[in-house]
Each structure stands twice: as structure tokens, then as C-alpha cells.
Amino acid sequence: MPSDARHLGTMLLEEGLLSREQLDQAIETQQTSGVPLGRVLVEEGFVLEADLVRTLATQIGIGYVDLSEEQIDPAAVAAVPEYLQDRYTVLPIGYEDGRLVCAMADPANVLAIDDLRAVTGLDIVTKVATRSDLEEAIRRQSTFDESVSDLADLAAEEEGDVDLGGLEIAAEEAPVVKLLNTLISRAVNERASDIHIEPGEKDLRIRFRIDGVLHEVMRTPRSISNAVVSRIKIMSDLNIAERRVPQDGRISLRVSGKAIDLRTATLPSIYGEKVVMRILDKSAGVAPLADLGFEPYNLERFKEAYEKPYGAILVTGPTGSGKTTTLYSTLDILNKEEVNIITVEDPVEYRLNGITQVQVNRKAGLLFATALKSILRADPDVILIGEIRDGETAAIAIESALTGHLVLSTLHTNDAASSVGRLIDMGVEPFLVASALDCVLAQRLARVLCEKCKKKDSAITAAMLKDVGWDEELHGDPNVYTKVGCKACSMTGYKGRVSLTEVMLVNEEIQRLIVDRTSAEVIERAAFASGMRSLRDDGFAKISRGMTTFEEILRVVA
């Protein structure tokens, strides 16, 4: 057996990827057939191609890349012509210190590296990937780039008068359809919550929001902007002729076998219409409250509120802080045969069996307040109001809580105590707020450390803990991890998000303060005295469990 094969076989044995019997059998086949040992091992099913290539990469001292977990930079892909990618089975994936990083099936191919260097004018950093992964990734990127370039050629309209008939035809053309389908599929596969399509002076920028942070995906010629926006409007059943005012719509489709809803919003800008598509995965179902990240202490306090037969429960926080998800998870617990639950939402984000859900319809005059008046005549036990936006809605919600209904809703305030003043500012009498309000849950979302690459943070000192307000009695000894970044988390160090919560239960002391129109600061002090834990304390509890970082908690919670 050649020494290289012997070395490869030994490495596979040492890593537990191969048994001695399998290796002996493969060597025997290799000696009679002359086929390289690696190919024999894969063809016989003894070793996965990915494991073999990873081991070979270690053997020759070159980095291995798993393209299924790699975030590929479209600008890097565009730097190398497609014919060279196909000829050498190579895919540019990004840049590193001014050099082009290329994944190759054969990183020892000097001719290929010379050609890549000549074409790009850059030094090349080689990484190895499986041939099958490379071929699939090259095909995917080719389809994506092809649809964009075809569309750029197709869409010739510029600013000024637009032939709407021609634009509608262009929006239905294959390249436009292919581009949007590819974008949506990619966004869903990368766990994006939003797709931003933004026309600029010279180009059209596309970004995905992943774990609450925006990432640029690609830039294309601005000439395709009108056709893309028109296609989205057609899919969302919006008016493609109206480009001066914002419009809202909805798209339902299936992506990779999953039922997906897209909430679309258009916004006129000086360079054209910006479109944001919020992605809602209907097939994901409603997560249990405990899975959202509630600490046991806060979960018990919140449970004490939602198990009561009447009263108002408010979930507060900025846009995108997971308020609606928390309310749906609560409704899922309350959804029993003997309970009549009715919701009024704008829009209905998830459809729940056994619950009557009402969609606000502004064009028809069905607003939160008007819908609520009708709902109260439908004998509800539990009412969910998507958001309290005005005084009339607030008044009906509070009155409903006083007349034997359990009312759940959301409000935009920064913390739990501020919600009291917000309701009073909307015109609700303080004594009504004090009597009806039972619980306020303030919420944020913090990114979770990637389990594949996080590591212990040895740089944390006692002085640093003191500066951020770490309470050893409450949180114990710090078990602090820090982010690193790997391909699985797109080099961000984070993957997924978790809820940070503070639960204010309205007791007699807080009721008295509300009636006296006391400031939010005084109410907050009374809430802390009665057992409420702050958002920051909840974040520190997540840190002590190794879930997130000080950097992330201090970013999310001021």
C-alpha cells in the first residue's frame, strides 16, 4: 500500500470513521482495481464523502469547508467566470485579507489556481470541499446569477413614465419569477425573518434580517427594481399602478415543503419603492412558553396571571421583540374545549385551531375598536387584541377586563412600569387601569451563542462584573462564554434568539400608586420590592447558563 494511502487509512481509523476490516477490504479492492483508496472507501459506503474530504484536508494541511453551512459572498462568486468554476469545480466563497477564498475539489491543481489568479488579479486562498457539494453550490449560484442578469437585460425601464401594461408583462416573465423564488427560498433556508428590497441611486440592494440583525445578500442593477416590485405587488394582490403611497399585502406559498406566509409592505422612496417582506413559517406551530426562554421564576409569575378568569395582561416591548409569539403561546395553553377565545389582529400571523380569529380590515371600516364591540356580543371568555393603538381600543380593552373577560394585548413601551402611564395618556381613567390591569410582561430578544463555536471567556474579572451590576446572590458564580464565529453561524458567533422578560404583577400597593398617578419610576421601585426581576437580571441569568454574552445583553437592554 502506498504511504499516502497508509497515512489516510490510519487517520480514518484514529478518528473512528472506519473499522480495520473495512480498511483491509478497501485496500484489497484498491490494489486489484488501481482506483484511489479514497474513492473505493466512498463507493463501498465505508466512509461519507464529507468525512473523507475533511480528513484529506487535514492530511495535506488545507482548511475544509462545509458548503451547506457556508455563507457565500455573491460578490466573490461574480469575480470568477462561470466556465472556470465548471472547468475546475471551484467556487469563490468570500474574501480574506484582500485575497479571494476559493473552495475546490482539487486544491492541489496549480494550473487552476494560476488561472484564477490571472482572471481576478488577486491572490488565492484555497479550501477543500466535497465535489458533490461544490457541483450543487455552483449550480445554485449559477441559477441565481443567471436570473439576475437575465432580468437586468429584460427590465429596460428607467425613471419617468412607465408603461404599466409592459411592466405587468415583465413582472410575469420567467427571470423575475425565478429571482424572487430564489430569494424567498434562500431567506427561508437561512432562517431570515425579513427580506428588504431597497432601490438606491445606482443599484438595488437586498438584505436579510437574521436573528434580529440585517445582512446584505446582494446588489443588482437598479433597472430591475420596477419589475421586481411589480412582481411582489401582483403576488400580494396590491395595485401595481399606485406607486405614491404605501401598501400592505400578504402572500401564501410553500417553500421546501413548508407553508410560508409573507407580509409585504411597500414604501415610496426617492429612488423607487422599498419593499419589506416579513416571513412567517405557518408550519412551525406555536412554541411552548417554556421554550421561548422564560426563566422558571418569571414563568411562575406569568402563569399566576394568565390562569385567572379575568383581568388584563399586557406584553410590552419594541417592534420585533417577540410579543405576538408570547401571546400565541399563552393562547395555546388557554385553548380548551370549554373556553371561547376570540382574537382581533392586524394581521393574523398564525392560524390556531379552535380559536376565532378576526382580521382587521381598514378598507371595510373594521378596526380594532369596531371589531371589539362586536366581539363582546359573541360571548368570549378570552380576548386577544393584537395591539392597543388608540384611546378607544384601550378603553374597551380595560372595560372588557373589568366585566369578566381575560384580555391579552400588546403595547409599545420600553419597560413594564411605563405601560401604566401609556394607558392613562390614552385617556383611560387611572382607577380603571388599577382595577383591570393584572400583569405587564416586558420583553426583548437576545441572540443565543452558537453551540458549535462558543468558548469560555477567561477575560472576565470581578471588577468588570461589578461594573455591569452582577448580583452573585441572585446569579451565582459567573459561567461566562464568549462568541467565536464559525460557518454554522455565518461567522457571527450567534445562532437563534431567546426571550428576556420582566413580569410586573399589579398588587394592592401598585394599584394605589396607579390611582395616585405616580410616576413610572416609583411604580417600578414598588414592583422590584414585590419581587419583579429586571430585563437585565433576566439577561444575566441567561449569561450564567452559557446562553449569551454580556455584549449582547448590554446591546439589547440599556
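User: What makes Trp470 and Phe550 buried?

Analyst: Both Trp470 and Phe550 are buried, because that word goes to residues under 20% relative accessible area (exposed is over 50%, partly exposed is in between; 1.4 Å probe, protein chains only). By the way, this is a predicted model: local features need pLDDT of at least 70, side-chain atom pairs count only at pLDDT 80 or more, and totals for chains, interfaces and linings use all residues. Residues are numbered from 1 along each chain as its sequence is written, and side-chain values use heavy atoms, with hydrogens and water left out.

User: Why is Phe302 with Tyr306 called an edge-to-face aromatic pair?

Analyst: Rings of Phe, Tyr and Trp (its six-membered ring) pair if their centres lie within 6.5 Å; planes under 30 degrees apart are stacked, over 60 edge-to-face, the rest tilted. Five aromatic pairs turn up by this rule. Phe302 and Tyr306 sit 5.4 Å centre to centre with 75 degrees between the planes, so they fit edge-to-face.

User: And what about Trp470 and Phe550?

Analyst: That pair is edge-to-face too, at 5.7 Å and 65 degrees. Trp470 lies in the loop between helices H18 (462-468) and H19 (472-475) and Phe550 in helix H23 (residues 550-556), so the pair ties together parts 80 residues apart in sequence.

User: How do you know that the charged end of Arg533 sits over the ring of Tyr297?

Analyst: NZ of Lys or CZ of Arg must be within 6 Å of the ring centre and within 35 degrees of the ring normal. Arg533 counts as over Tyr297, 3.8 Å from the ring centre.

Note on methods. Helix = DSSP H or I, 4+ residues; strand = E, 2+ residues; numbered from the N terminus.
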